[in-house]
Structure formats: C-alpha cells, structure tokens
Amino acid sequence: PTPKVSLNIKVTNASHGTQNWTLRCDPAGGTHPSPGAACAVLLKAKNPFAPVPKGIMCPMIIAGSRVARVTGIYFGQRVDTTFTQGGCDLARWAKIGQIFN
C-alpha cells in the first residue's frame with residue numbers, strides 16, 4: 001500500500017554533523033532508525049507541520065544546536081519546513097522533536 005506519510009528528514013547538529021533519513025507512516029518504514037516510534041509521535045501530534053503563528057511572543061531560549069529540515073508528503077499535503085531547537089520553534093520542536101533522534 002502507498003504510505004500516507006512520506007518524508008525526507010535532514011538533521012544538522014554542529015557537533016555531530018548531518019543525518020539523513022526517510023520516514024514513511026501508515027504503514028511505517030523508511031531508513032529512520034525507529035520508524036514505528038517516530039510514526040507514533042508524528043501521527044499523534046495535531047498539525048505537526050503548522051507554521052509558527054504570526055505576531056506571537058517567542059521565548060529567547062535555545063535548547064540545542066540541531067536544525068531539522070523536513071520535506072515530503074503528509075496525508076496529501078506537501079511539507080517543506082525547518083525546525084530549530086529554540087525561540088519561536090521551541091514549541092514545534094517539543095511537539096515532534098522525537099522524530100529527529
């Protein structure tokens with residue numbers, strides 16, 4: 001069957017270099033180290049790729065140096081977004097950051 005989610009994930013970390021994975025969900029698969037667990041997190045999250053709302057106050061907190069670029073298809077919607085571990089992206093990262101491990 002054709003997966004409902006088909007993503008390319010590129011995680012860059014200043015101290016550990018870059019990791020690239022594919023992740024497919026429903027059914028789970030791809031090169032991600034733990035596709036079943038990553039899909040469980042992703043499918044449980046509400047609007048995981050929604051952009052940061054405009055005009056909100058952002059915390060000046062940096063939780064880490066990793067940056068994740070996600071491209072692909074999520075239930076028929078094209079995804080092309082970047083997540084960082086701080087500032088306005090902190091809540092977005094907290095929601096699905098487990099898929100970047």
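Contact here means that heavy atoms lie within 4.5 Å of each other, and the exercises below use that sense of the word for a model that is predicted.

**Exercise 1. The surroundings of Gln 85**

Task: Determine which element holds Gln 85, whether Gln 85 is buried or exposed, and which residues Gln 85 touches beyond four places in sequence.

Solution. Begin with the position in the fold, where Gln 85 is found in strand E4, a run that covers residues 77-86. Next take the accessibility: buried means under 20% relative accessible area, and Gln 85, at 13%, therefore counts as buried. Then turn to the neighbours, leaving out residues up to four places away in sequence; Gln 85 touches Ile 61, Ile 62, Ala 63, Gly 64, Ser 65, Arg 66, Leu 90 and Trp 93. Finally, look at the polar atoms of the side chain, which reaches the backbone nitrogen of Arg 66 at 3.0 Å, while the backbone nitrogen of Ser 65 lies 3.4 Å from a polar atom of that side chain.

**Exercise 2. Strand E1 and its partners**

Task: Work out which residues of strand E1 form its covered face, and how many bridges join E1 to E2.

Solution. A general point helps at the start: in a regular strand the side chains alternate between the two faces of the sheet. In strand E1, residues 5-13, the covered face consists of Val 5, Leu 7, Ile 9, Val 11 and Asn 13, whereas Ser 6, Asn 8, Lys 10 and Thr 12 make up the uncovered face. The next step is the pairing with strand E2 (residues 17-25), which runs antiparallel to E1 and is joined to E1 by 9 bridges; the two strands form a hairpin with 3 residues between them, and within this pairing Asn 8 stands opposite Thr 22. The last step is the pairing with strand E3 (residues 62-74), again in the antiparallel sense and over 8 bridges, where Lys 10 of E1 stands opposite Arg 69.

**Exercise 3. The disulfides**

Task: Find how many disulfides the whole structure contains, and describe what each one ties together.

Solution. A search of the whole structure finds 2 disulfides, and when the bonded cysteines are numbered in sequence order the pairing is 1-2, 3-4.

1. Cys 25 is joined to Cys 39 with a sulfur-to-sulfur distance of 2.1 Å, and the link is left-handed, with -90° about the S-S bond. Because Cys 25 lies in strand E2 and Cys 39 in helix H1 (residues 35-44), this pair ties together parts that are 14 residues apart in sequence. Both ends are buried, Cys 25 at 0% relative accessibility and Cys 39 at 5%.

2. Cys 58 and Cys 88 form a disulfide with their sulfur atoms 1.4 Å apart, and the torsion about the S-S bond is about 80°, so this disulfide is right-handed. Since Cys 58 lies in the loop between H1 and E3 and Cys 88 in the loop between E4 and helix H2 (90-96), the pair ties together parts that are 30 residues apart in sequence. Cys 58 is partly exposed at 25%, and Cys 88 is partly exposed at 33%.

**Exercise 4. Lys 95**

Task: Identify the helix in which Lys 95 is found, and state which residues Lys 95 contacts outside its neighbours within four places in sequence.

Solution. Lys 95 is found in helix H2 and, at 39% relative accessibility, counts as partly exposed. Apart from those sequence neighbours, Lys 95 is in contact with Val 41, Ala 45, Lys 46, Asn 47 and Pro 48. For one of these residues, Ala 45, the separation from Lys 95 is 50 residues in sequence and 6.6 Å in space, taken from C-alpha to C-alpha.

Notes: Residues are numbered from 1 along each chain as its sequence is written. This is a predicted model: local features need pLDDT of at least 70, side-chain atom pairs count only at pLDDT 80 or more; totals for chains, interfaces and linings use all residues. Side-chain values use heavy atoms; hydrogens and water are left out. Helices (H or I, at least four residues) and strands (E, at least two) are DSSP runs, numbered from the N terminus. Buried means under 20% relative accessible area, exposed over 50%, partly exposed in between (1.4 Å probe, protein chains only). A polar contact is a pair of N or O atoms within 3.5 Å; within protein, one must be able to donate a hydrogen and the other to accept it, and residues adjacent in sequence count only if both atoms are side-chain atoms. Two strands pair if DSSP finds at least two bridges between them. A disulfide is a pair of cysteine sulfur atoms within 2.5 Å.
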